[in-house]
Amino acid sequence: MIGRLAAAPGPEPAPLLPLEVEGLVVELGGKRLLDGLSFTLRPRRCTLILGPNGAGKSLLLRVLHGLVPPSRGRLRWAEPDPARRRLAQAFVFQKPVLLRRSVRGDLTVALAARGVLRRERRARIAEALALVGLEGFEGRAARSLSGGEQQRLALARAWALRPQLLLLDEPTASLDPAATRMVEAIVRDLAGRGVTIVMSTHDLGQARRLAEDVLFLHAGRLVEASEAAAFFARPSSREAGAFLAGELLA
Ligand SMILES: Nc1ncnc2c1ncn2[C@@H]1O[C@H](COP(=O)(O)OP(=O)(O)O)[C@@H](O)[C@H]1O
Ligand SMILES: [Mg+2]
């Protein structure tokens, strides 16, 4: 059943979101790294996970993607079937994970693994490369691209899989300002197409440019969960106020 669903474009999948997270605790190596997080992820919103280094941003994203199990607490997705959820979400890492193949080959492998048929693959690859401004790059070795181009390819690959939810872990952390702005423009474009975005950053300027909702983490705790305008205008916690003032360095 799942295989057939994956192979065919088919009807609109059941919505993955909202997600209600209740009392999420993650303990690893005897340390409590996420400490009782509760929040709701709303569909079709751009949510930025903010916080200093070591706050737990990457870990939270990995839990949301099913890569790390909660030690305690619950994730209540609107879509109850884990196999369908897996098909409905995509993850982009800080350092793009690309195959030792051409750009076309990298995208083809991802689409073929999802059972997308050859003709449909060609159309999706062309559309995804156009979306990220990499038309004409099909024959280039994926790993020969610049850092910014590689990250745009990772975004093209994610989009080609038609996720409802896109998780991005500091996707611009190693990019220069121009490449960063291109990635942000793509994220905004995807959000405009109805993809729910959850993205971590320690870059406040980036959060101001992109966020609709903010989750502010500090030392494994969710200190604030609010709409971006309210967060930036009136942070309600001392930690967020200090972070916004640029005082909190670690
Ligand atoms: N697999 C792991 N085992 C033990 N500690 C971990 C593991 N993954 C992350 N941590 C710790 O959890 C904390 C949060 O890490 P991380 O989520 O990477 O923070 P951020 O992305 O906000 O910089 C850090 O103290 C980190 O060392
Ligand atoms: Mg991180």
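## Aspartate 81 and its partner

Let's start with aspartate 81, which counts as partly exposed at 26% relative accessibility. Its side chain meets that of arginine 84 in a salt bridge, with 3.9 Å from N to O. Arginine 84 is partly exposed too, at 30% relative accessibility. Keep in mind that this is a predicted model.

## Salt bridges between β1 and β4

The count of salt bridges comes to 19. One of them pairs arginine 76 with glutamate 20, at 3.7 Å from N to O. Arginine 76 sits in strand β4 and glutamate 20 in strand β1 (residues 19-28), so this pair ties together parts of the chain that are 56 residues apart in sequence. Both ends are partly exposed: arginine 76 has 38% relative accessibility, and glutamate 20 has 33%.

Now look at arginine 72 and glutamate 27, another salt bridge, where the closest N and O atoms are 3.7 Å apart. Here, too, distant parts of the chain are linked, with arginine 72 in strand β4 and glutamate 27 in strand β1, 45 residues apart. Arginine 72 is partly exposed at 45% relative accessibility, and glutamate 27 is partly exposed with a relative accessible area of 34%. These two also belong to a network of salt bridges that links Glu27, Arg32, Asp35, Arg72 and Arg221.

## The β8 and β9 hairpin

Arg221 from that network brings us to another spot: arginine 221 is the bridge partner, in β9, of histidine 218. Strand β8 (residues 213-218) and strand β9 (residues 221-227) run antiparallel and are joined by 6 bridges.

The hairpin has 2 residues between its strands, and alanine 219 takes a positive phi near 50 degrees there.

## A buried charge

What about aspartate 169, in strand β6 (residues 165-169)? This residue is buried but has no salt bridge. The nearest side chain of opposite charge belongs to arginine 62, and that is 6.8 Å away. A salt bridge needs the nitrogen and oxygen within 4 Å.

So who are its neighbours? Leaving aside residues up to four places away in sequence, aspartate 169 touches Ser58, Leu61, Phe91, Val92, Phe93, Gln94 and Ser200.

## A nonpolar patch on the surface

Phe93, one of the residues that aspartate 169 touches, is also part of a nonpolar surface patch with Leu67 and Val97. Together they have about 280 Å² of accessible area. Leucine 67 lies in the loop between α2 (57-64) and β4 (72-77).

Key: Residues numbered from 1 in each chain as written. Chains lettered and ligands numbered in written order. Predicted model: local features only at pLDDT ≥ 70, side-chain atom pairs only at ≥ 80, totals over all residues. Heavy atoms only, no water. Buried < 20%, exposed > 50% of the residue type's maximum accessible area, 1.4 Å probe, protein only. Lys, Arg positive; Asp, Glu negative; His and termini not counted. Contact = heavy atoms within 4.5 Å. Patch = residues over 30% accessible without salt bridge, like charges linked within 9 Å, V, L, I, M, F, W, Y side chains within 5 Å. Areas by Shrake-Rupley, 256 points an atom, 1.4 Å probe, with all protein chains shown as cover. Helix = DSSP H or I, 4+ residues; strand = E, 2+ residues; numbered from the N terminus. Pairing = 2+ DSSP bridges.
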